[in-house]
Amino acid sequence: MGNKLQPLTTYLVERGYTLQRFGDCYGITSPKGKKKLANIRRKSKPVWGLVAKRWEWSIPLTSWQRYIASGITVFMVLETATGKVHAADITQLQPEARTYRGDDLDEGGTVFLPIDAYKIVATLKR
């Protein structure tokens, strides 16, 4: 499992979840056997979106499109500045996603996701 995500993946495994890596995503099975496909990212902190006037995380548009096509249903962000773990279901994120089509942030465009659509599910020791 990725070194940068190790604090979060270790946290999940210690709580009985099993993780199977699929490229830059994971199959997560809960201790009760419930399965989800998740994108797990590490970000230092959210950015203030000047256009939307909200705090946001960003994902390259090409990655976002691939995640939607591959059935990813959960998005998790480990915020390294605070140790907070944010999680959101795709149903909360999709209606709020804001797409920027220029190449100056990410080649092919960028999708901005409001952190208000995520829930803080844990705080890890830093």
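**A walk from Ile115 through two cores and a pocket**

Ile115 is buried, with a relative accessible area of 18%. Since the model is a predicted one, please read every value here as computed from that prediction. The 18% of Ile115 falls below the cut-off, because buried means under 20% relative accessible area. In the chain, Ile115 sits in the loop between E9 and E10.

What does Ile115 touch, once residues up to four places away in sequence are set aside? The answer is Pro46, Trp55, Glu56 and Trp57. If you would like a longer-range reference point, try Gln94: Ile115 and Gln94 are 21 residues apart along the chain, and their C-alpha atoms are separated by 13 Å.

One of the contacts of Ile115, Trp55, leads us on to the aromatic rings. How many aromatic pairs does a search of the whole structure find? There are three. A pair of this kind is described by the distance of the ring centres and the angle of the planes. For Trp48 and Trp55, the centres are 5.3 Å apart and the planes stand at 70°, so this pair is edge-to-face. Both partners are partly exposed: Trp48 has a relative accessible area of 40%, and Trp55 has 43%.

Another edge-to-face pair joins Tyr67 and Phe75, with 6.0 Å from centre to centre and 65° between the planes. Are these two rings buried or exposed? Tyr67 is buried at 1% relative accessibility, and Phe75 is likewise buried at 1%. Together with Trp64, Tyr67 and Phe75 form one aromatic cluster.

That cluster brings us to the largest nonpolar core, which has 17 residues. Within this core, the members that touch the most others are Ile59, Trp64, Tyr67, Phe75, Leu93, Leu113 and Tyr118. Several elements each supply at least two of its residues: strand E5 (54-60), helix H2 (61-70), E6, helix H3 (90-93) and strand E9 (110-114). Which element gives the largest share? H2 does, with three residues. There is also a second, separate core of 15 residues, and Leu19, Tyr26, Val74 and Val85 are among them.

Back in the largest core, Ile59 is a good residue to centre your view on. Leaving out residues up to four places away in sequence, Ile59 touches Arg41, Trp64, Tyr67, Phe75, Asp106, Thr110, Val111 and Leu113. From that list, let us pick Thr110, a residue of strand E9. Thr110 is buried, with a relative accessible area of 1%. Beyond four places in sequence, Thr110 is in contact with Ser58, Ile59, Pro60, Leu61, Arg98, Thr99, Tyr100 and Leu105.

Now for the open space in the model. The largest pocket holds about 340 Å³. Its lining has 17 residues, and those closest to the centre of the pocket are Tyr17, Ile28, Ser30, Lys36 and Val74. You have already met Val74, which is a member of the second core. Two or more lining residues come from each of helix H1 (6-14), strand E3 (35-43), strand E6 (74-79) and strand E10 (119-123). Of these, H1 gives the most, with three residues. By chemical class, the lining divides into 12 nonpolar residues, four charged ones and one polar one.

Strand E10 is worth a further look, and Ile120 is found there. This residue is partly exposed, with a relative accessible area of 48%. Which residues does Ile120 contact, apart from its neighbours within four places in sequence? They are Lys84, Val85 and His86. Ile120 and Lys84 are 36 residues apart along the chain, yet their C-alpha atoms are separated by 6.5 Å. Val85 is familiar too, as one of the residues of the second core.

Our last stop is a point of backbone geometry. Most residues other than glycine have a negative phi. Lys53 is not a glycine, but has a positive phi of about 55°. You will find Lys53 in the loop between strand E4 (47-49) and E5. With a relative accessible area of 56%, Lys53 is exposed, whereas Ile115, where we began, is buried at 18%.

Methods:
Residues are numbered from 1 along each chain as its sequence is written. This is a predicted model: local features need pLDDT of at least 70, side-chain atom pairs count only at pLDDT 80 or more; totals for chains, interfaces and linings use all residues. Side-chain values use heavy atoms; hydrogens and water are left out. On a 1 Å grid over the protein atoms alone, a cavity is a set of points where a 1.4 Å probe fits but cannot get out, and a pocket is an open set with protein on both sides within 12 Å along at least five of seven lines; lining residues have an atom within 4 Å of a point. Grid points are joined across faces, edges and corners, and a volume is the space filled by probe spheres set on the points. Helices (H or I, at least four residues) and strands (E, at least two) are DSSP runs, numbered from the N terminus. Ala, Val, Leu, Ile, Met, Phe, Trp, Tyr, Cys and Pro count as nonpolar, Asp, Glu, Lys and Arg as charged, and the others, Gly among them, as polar. A nonpolar core is a set of buried Ala, Val, Leu, Ile, Met, Phe, Trp, Tyr and Cys residues joined through side-chain atoms within 4.5 Å. Buried means under 20% relative accessible area, exposed over 50%, partly exposed in between (1.4 Å probe, protein chains only). Contact means heavy atoms within 4.5 Å. Rings of Phe, Tyr and Trp (its six-membered ring) pair if their centres lie within 6.5 Å; planes under 30 degrees apart count as stacked, over 60 as edge-to-face and the rest as tilted.
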